[in-house]
Amino acid sequence: MSSDTLAKVATAPPPEDPAPLPDAPRIVPRPRAGQWTAAALVLVLLALAAHSVIRNEAFQWDVVADYFTTASVLRGLGLTLWLTALVMALGFALGTLLAMARLSANPVLRAVSWGYVWFFRSMPILVQLLFWFNIGALYPEVFGVRTVNLMGPVTIAVVGLTLHEAAYAAEVVRGGILSVDRGQIEAAQSLGLGRWRRWRRIVLPQAMRSIVPPAGNMLIGTLKGTSIVSVIAVQDLLYSVQLVYHRTYQVVPLLMVATLWYVVVTSVLSVGQHYVERHYARGSERVR
């Protein structure tokens with residue numbers, strides 16, 4: 001390079017800074033006047049409804065407070081909780097067996113399982129309870145024991161509700177098992193895991209993600225559904241308040257007592273369901 005070229009390079013002005021990029025356009029959110037208006041209207045309606053309930057003397061909130069924790073109501077609540085827990089445990093135990101039979105390679109087991117689910121899902125639970133309540137008309141004695149002495153109202157409630165819940169539990173468990181990718185089972189087989197170990201370590205933990213939400217709904221539904229056993233004189237929560245208002249004629253406040261207890265228990269169960277779902281959803285994108 002010549003001396004003249006070097007001099008020109010040395011005396012050349014520094015390069016100018018590049019022109020600044022234009023500012024990005026500001027995103028203006030679309031006005032949502034309609035949504036805010038609808039929300040305000042809903043809040044106003046809820047406030048009016050709450051005010052009418054609280055201020056309405058016909059609800060007799062003082063009577064509700066007096067009977068809310070009485071011994072008879074708490075005994076009825078205890079029986080309702082016990083009945084719900086027992087029915088869910090027995091129902092899911094029987095439902096799991098029915099689901100495994102439905103998924104087996106044996107055509108007889110599949111047909112029997114399908115027939116059970118079809119039959120008990122088709123029969124209304126009230127009709128079923130009344131049928132079991134009058135079973136003595138068909139079978140006065142079973143194994144030498146009078147049916148009237150063998151099946152009291154509480155036993156009838158447990159049997160009827162369990163058979164009913166097992167039909168729905170079978171479909172919940174079957175759906176959860178089918179949600180597990182077949183490749184997971186094949187991978188476990190390639191590792192030499194036994195059948196029971198595959199079910200316990202691979203299939204069930206993944207199936208629980210699909211089983212827990214509908215099972216939680218079933219639990220809450222069963223809790224409320226136990227109120228139907230009052231028609232066969234089982235002294236659950238609803239029957240307990242009925243005994244009181246048949247004596248005092250305070251129908252509305254006593255029904256509010258039962259309603260508030262159902263709301264409290266179902267709220268607690270909903271919170272528990274949320275945490276159980278989070279436990280089984282660990283490692284997935286659905287964790288909240």
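This report describes aromatic pairs and a nonpolar surface patch in a predicted model.

## Aromatic pairs across the structure

A search of the whole structure gives seven aromatic pairs. In one of them, the ring centres of F68 and W261 are 4.4 Å apart and the planes lie at 0°, so this pair is stacked. The pair connects distant parts of the chain, with the two positions 193 residues apart. F68 sits in the loop between α3 (61-67) and α4 (71-103), while W261 belongs to helix α12 (residues 251-280).

The two partners fall into separate accessibility classes. F68 has 22% relative accessibility and counts as partly exposed. W261 has 14% and counts as buried, because buried means under 20% relative accessible area.

## A pair within one helix

W114 and W118 also form a stacked aromatic pair, with 6.2 Å from centre to centre and 5° between the planes. Both residues are in helix α5 (residues 107-122). They are four residues apart there, so about one helical turn separates them. At 47% relative accessibility, W114 is classed as partly exposed.

These two residues belong to an aromatic cluster. Its members are W114, Y116, W118, F119 and F120.

## A nonpolar surface patch

L41, V44, L45 and L48 make a nonpolar patch on the surface, with an area of about 390 Å². One of these residues, L45, is located in helix α2 (residues 33-55). L45 has 49% relative accessibility and so counts as partly exposed, since the exposed class requires over 50%.

Terms used: Residues numbered from 1 in each chain as written. Predicted model: local features only at pLDDT ≥ 70, side-chain atom pairs only at ≥ 80, totals over all residues. Heavy atoms only, no water. Phe/Tyr/Trp six-rings, centres within 6.5 Å; stacked < 30°, edge-to-face > 60°. Buried < 20%, exposed > 50% of the residue type's maximum accessible area, 1.4 Å probe, protein only. Patch = residues over 30% accessible without salt bridge, like charges linked within 9 Å, V, L, I, M, F, W, Y side chains within 5 Å. Areas by Shrake-Rupley, 256 points an atom, 1.4 Å probe, with all protein chains shown as cover. Salt bridge = Lys/Arg side-chain N within 4 Å of Asp/Glu carboxyl O.
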